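Got your viewer open? Let's take a short walk through this one, selecting as we go.

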Amino acid sequence: MSEPTEDPTPQADPTPDEPLREPGLKALKQERAAREQAEKAAAELQKKLDEIAEQEMSEIQRAQKAAEAEAAAAAEAKAEAEKARAEALRWRIAAKHGISDEDAELFLTGSDEDTLLRQAERLAARETQPSKGTFVPNAGRQPTEPPSLDAQISAAQAEGDTAKVMRLKLAKLSEITTN
């Protein structure tokens, strides 16, 4: 039988909580310093590459780049001018039709003159029309005498309402007996 052999060098598992000793700290600092130097060198190289690419760019390419920037600025200026024109048109039409600022903001939403004119005319017409309030028949008139029982009986007979006719005839009978 052979005996198991033991490893003469004990292997200790380093624990994560165990602090680094002097050589470990020194190595960690050197590694960090080397990484920072590498990053700085990479940034410098990239800057040099960009400068070389800029130098190699032809005059035509530079002109194209400048033209694109000018075209974008011109398009933005044109859009702002169009927006200002539409806003001025809206306020001019609102003033012409006597529309308040609040109503103009809310109701005049068109972008062209024809639409804005139609909206303003419609809004102005609605504001000048008398309201169609509640209708009360005979409002403001002096009360009149109710129709006679005979007239009511005739109207109920014409309507064919026999129950109403009977009730009115009973009312007439009661009136006759009390007189």
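Here is a tour from the overall fold down to a few side-chain pairs.

Keep in mind that this is a predicted model. Start with a cartoon view of the whole protein: you should find 6 helices and 0 strands. Switch to a surface and you are looking at about 16000 Å² of accessible area, with 55% of that belonging to carbon and sulfur atoms. Of the 179 residues, 11% are buried.

Now for the salt bridges; the whole structure has 6.

**Stop one: helix 1.** Select E31 and R35, whose side chains form a salt bridge at 3.2 Å, N to O. The two sit 4 residues apart in helix 1 (residues 22–56), so about one helical turn separates them. Both ends are partly exposed: E31 has 46% relative accessibility and R35 has 47%.

**Stop two: helix 2.** Move along to E82 and R85, where the closest N and O atoms of the salt bridge are 2.9 Å apart. This pair lies in helix 2 (residues 59–96), with 3 residues, about one turn, between partners. R85 is partly exposed at 42%, and E82 is partly exposed too, at 43%.

**Stop three: between helices.** Next, show R90 and E105, a salt bridge with its closest N and O atoms 3.9 Å apart. R90 belongs to helix 2 and E105 to helix 3 (residues 101–107), so this pair ties together parts 15 residues apart in sequence. Is R90 buried or exposed? R90 is buried, at 10% relative accessible area, whereas E105 is partly exposed at 47%.

Before you leave, add E87 to the selection: E87, R90 and E105 are linked in a salt-bridge network.

Note on methods
Residues numbered from 1 in each chain as written. Predicted model: local features only at pLDDT ≥ 70, side-chain atom pairs only at ≥ 80, totals over all residues. Heavy atoms only, no water. Buried < 20%, exposed > 50% of the residue type's maximum accessible area, 1.4 Å probe, protein only. Areas by Shrake-Rupley, 256 points an atom, 1.4 Å probe, with all protein chains shown as cover. Salt bridge = Lys/Arg side-chain N within 4 Å of Asp/Glu carboxyl O.
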